[in-house]
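Work through the exercises below with the sequence and the 3D view at hand. Try each task before reading its solution.

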Amino acid sequence: MTAKELVNKIFFVEILKAMALTLSRMFSHAVTIQYPTERRPIAPGFRGQHALAKNPEGKAKCVGCGLCAAICPSQCIQIFREKGKVARYEVEVLRCIFCGFCVEACPYGAIVLTENFEYSNYSKEALYMTRENLLSNWDKYMAGKKGEDYFKKFWRPMSEDFGTPQSQAVFRGRR
Ligand code: SF4
Ligand code: SF4
């Protein structure tokens, strides 16, 4: 043990330093906020609770193709089709890791992750989202221009991303 370490040990230097730090912070402004009465703004593009998107006529966009379920790494999306229609669409939210792959994979822009993060519950069943819950989440959190803007700003690829860039070589067939 060096002399410096010995002095530090005898005079509790580390403890004194920590106490000095605590004292210096005691009279400064608190960094905590009084949630839920105070709230911080939500980060743009936040990935919260799921919703199933509706078209301007108010109908569900989802056609039940199953791409979202196929790509979901947590396998938490269940889709049941009957007579060519989506009979049930369910998301087991407790298993979701909010990766956003379902949103990216959907060719119809039919599933979104809303800004809602306040859905904690004591019951597991309440966190098993049905098609009806998911559609009502669209009305609650994404209806109108908000939903449109959300897709445009935060989700890729979109149809316009598939346009061939000017500089890219393209196959033009045999002459
Ligand atoms: S966000 Fe990811 S884990 Fe959650 S449902 Fe979508 S694909 Fe699955
Ligand atoms: S949400 Fe999209 S990807 Fe998933 S089943 Fe519906 S249309 Fe297909």
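The exercises that follow concern a predicted model.

**Exercise 1. The sheet**

Task: Find the order of the strands in the open sheet of 3 strands, and name its edge strands.

Solution:
- Step 1. Write down the order, which is S2-S3-S5, and note that the pairing is antiparallel.
- Step 2. Look for the strands that pair on one side only: these are S2 (77-82) and S5 (128-129), the edge strands.
- Step 3. Take the pairing of S3 (residues 85-92) with S5, where 2 bridges join the antiparallel strands.
- Step 4. Locate Glu92 and look across to S5, where Tyr128 stands opposite.

**Exercise 2. The two ligands**

Task: State which cavity goes with ligand 1 and which with ligand 2, and describe the shell of residues around each ligand.

Solution:
- Step 1. Begin with ligand 2, which takes up the space of the largest cavity.
- Step 2. Around ligand 2 there are 14 residues, and those that come nearest are Cys62, Cys65, Gly66, Cys68 and Cys106.
- Step 3. Sort the shell of ligand 2 by class: 12 residues are nonpolar, 2 are polar and none is charged.
- Step 4. Turn to ligand 1, which sits in the second largest cavity.
- Step 5. Ligand 1 has 13 residues around it, with Cys72, Cys96, Cys99, Gly100 and Cys102 coming nearest.
- Step 6. Sort this shell too: around ligand 1 there are 10 nonpolar and 3 polar residues, and no charged ones.

**Exercise 3. The second largest pocket**

Task: Give the volume of the second largest pocket and describe its lining.

Solution:
- Step 1. The volume of the second largest pocket is about 230 Å³.
- Step 2. List the lining: Lys54, Asn55, Pro56, Glu57, Gly58, Lys61, Trp138, Ala143, Gly144, Gly147, Glu148 and Phe151.
- Step 3. Ask which element gives the most to this lining. The answer is helix H6 (residues 145-154), with 3 residues.
- Step 4. Divide the lining by class, which yields 4 nonpolar, 4 polar and 4 charged residues.

**Exercise 4. Helix H1**

Task: Explain why helix H1 (residues 3-10) lies largely in the open, then examine the residue Phe12 just after H1.

Solution:
- Step 1. Recall the cut-off: a residue is buried if its relative accessible area is under 20%.
- Step 2. Count the buried residues of H1: of its 8 residues, the number buried is 0.
- Step 3. Helix H1 therefore lies largely in the open.
- Step 4. Move on to Phe12, just after H1, and read its phi, which is positive at about 50°.

Terms used
Residues numbered from 1 in each chain as written. Chains lettered and ligands numbered in written order. Predicted model: local features only at pLDDT ≥ 70, side-chain atom pairs only at ≥ 80, totals over all residues. Heavy atoms only, no water. Pairing = 2+ DSSP bridges. Helix = DSSP H or I, 4+ residues; strand = E, 2+ residues; numbered from the N terminus. 1 Å grid on protein atoms, 1.4 Å probe; cavity = no way out; pocket = protein on both sides within 12 Å on 5 of 7 lines; lining within 4 Å. Points joined across faces, edges and corners; volume = space filled by probe spheres on them. Nonpolar A, V, L, I, M, F, W, Y, C, P; charged D, E, K, R; others polar. Near = heavy atom within 4 Å. Sits in = over half its atoms within 2 Å of the grid points. Buried < 20%, exposed > 50% of the residue type's maximum accessible area, 1.4 Å probe, protein only.
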